[in-house]
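Student: Could you take me through the labels people put on a model like this one? I'd like to see the cut-offs behind them.

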Amino acid sequence: MSSTVITNIASLVTNDPSFGDGSPLGLIRDAALVVDGDRVSWIGESSKAPATDNRVDADGRAVIPGFVDSHSHLVFAGDRTEEFNARMSGRGYTAGGIRTTVAATRAATDAELETNLVRHLTEALRQGTTTLETKSGYGLTVHDEERALRIASAHTDEVTYLGAHIVSPDYADDPAAYVALVTGEMLDACAPHARWIDVFCEKGAFDGDQARAILTAGREKGLHPRVHANQLSYGPGVQLAVELGAASADHCTHLTDADVDALANSDTVATLLPGAEFSTRAEWPDARRLLDAGVTVALSTDCNPGSSYTSSVPFCIALAVRDMRMTPDEALWSATAGGARALRRTDVGRLSPGAYADLAFLDAPSHVHLAYRPGVPLVDEVWGRGRRAA
């Protein structure tokens, strides 16, 4: 394996407070970084960089860890353009929402689903995302959920079984039978392809008792829990996530003081998804309230065809700073180290010795430009596992 030093970095975000300025970002000015194989082996001031086999000049650009997008729904077919257009135009829309995507996904071939998945993964990579979680949830049959996870697991290690996205239209009159399927035959077929199990705990989807049964069954099969929690209304999702030791409670829009306290006193990350609020004109999560209480916050895209059709973490960072009262430093940390915490990973989301050399060069001298210049394609170059990837 050859070694490469990247020098002349205007500002290097390490996300390791033992380096640089001692802040959570571990920011080093006029920095250098050494890559050995697929890992970071040294970071520090550019003038102190060791000799290596290869040398790359960052030309005064900022370097940040690759984004860790810990919540997406990318195995699907079709789109929901008409639904979005109606919502943004103030017109009523009576088509099927998630059920529309379920019908299109069931009708698609494996090759069509994989092509669409790869297109979105490539799109995300170009924007700096080097680690990405994605879910099933648009098949809702044993066959379609299994193939969604099988396809996804060929392209990412972070795969989530979401048979409990909504009650399948096939079981509209018998939700209990669908829960039995999700915790039985469907789980048996899907568990070998997934690391995580998720459930949409919400009115109109699955209540607290149903969600607990689903997550407990998944945990017994070796899957780790995460929860779609408290997105549309107050409910039991956050408390259930903490009770079951879930890695993440996602959305967290409607929270009581008890919910915030539970998150602050647990290892469960609150993953905020501002693309969903932007795309539905819903109430913004109060990130400031969570951060001030000591909750670990992640920031993710929720990329999906219905309520957040964006793969751009930089866009979500800008939204979080503008509308969720996060500082630029907090938003970047949440989109990198926070995402890694939500996936219980220590090898991504940081750029210090031992971490994977997953990084993005910005066409700017500072990470603050991600929020300062919203909508501008500032990600100039992306490396994954020590090699240029985009």
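What follows is a short chat about those labels.

Tutor: First, this is a predicted model, where local features need pLDDT of at least 70, side-chain atom pairs count only at pLDDT 80 or more, and totals for chains, interfaces and linings use all residues. Residues are numbered from 1 along each chain as its sequence is written, and side-chain values use heavy atoms, with hydrogens and water left out.

Student: Why is Val382 called buried?

Tutor: Buried means under 20% relative accessible area (1.4 Å probe, protein chains only). Val382 has 1% relative accessibility, so it counts as buried.

Student: What does Val382 touch?

Tutor: Taking contact as heavy atoms within 4.5 Å, and skipping residues up to four places away in sequence, its partners include Leu125, Arg126, Leu359 and Ala390.

Student: What makes α3 oblique to α4?

Tutor: The axes, lines fitted to C-alpha atoms over the stretch in contact, come within 10 Å and cross at roughly 45 degrees. Angles under 35 degrees count as roughly parallel, over 145 as roughly antiparallel, 65 to 115 as roughly perpendicular and the rest as oblique. That crossing angle therefore makes α3 oblique to α4.

Student: Which residues meet there?

Tutor: Asp110, Leu113, Glu114 and Leu117 in α3 meet Arg147, Arg150, Ile151 and Ala152 in α4.

Student: How many residues of each class are in the contact of α3 with α4?

Tutor: That contact has 4 nonpolar, no polar and 4 charged residues.

Key. Axes fitted to C-alpha atoms, helices over the stretch in contact; angles between N-to-C directions. Helix = DSSP H or I, 4+ residues; strand = E, 2+ residues; numbered from the N terminus. Nonpolar A, V, L, I, M, F, W, Y, C, P; charged D, E, K, R; others polar. Buried < 20%, exposed > 50% of the residue type's maximum accessible area, 1.4 Å probe, protein only.
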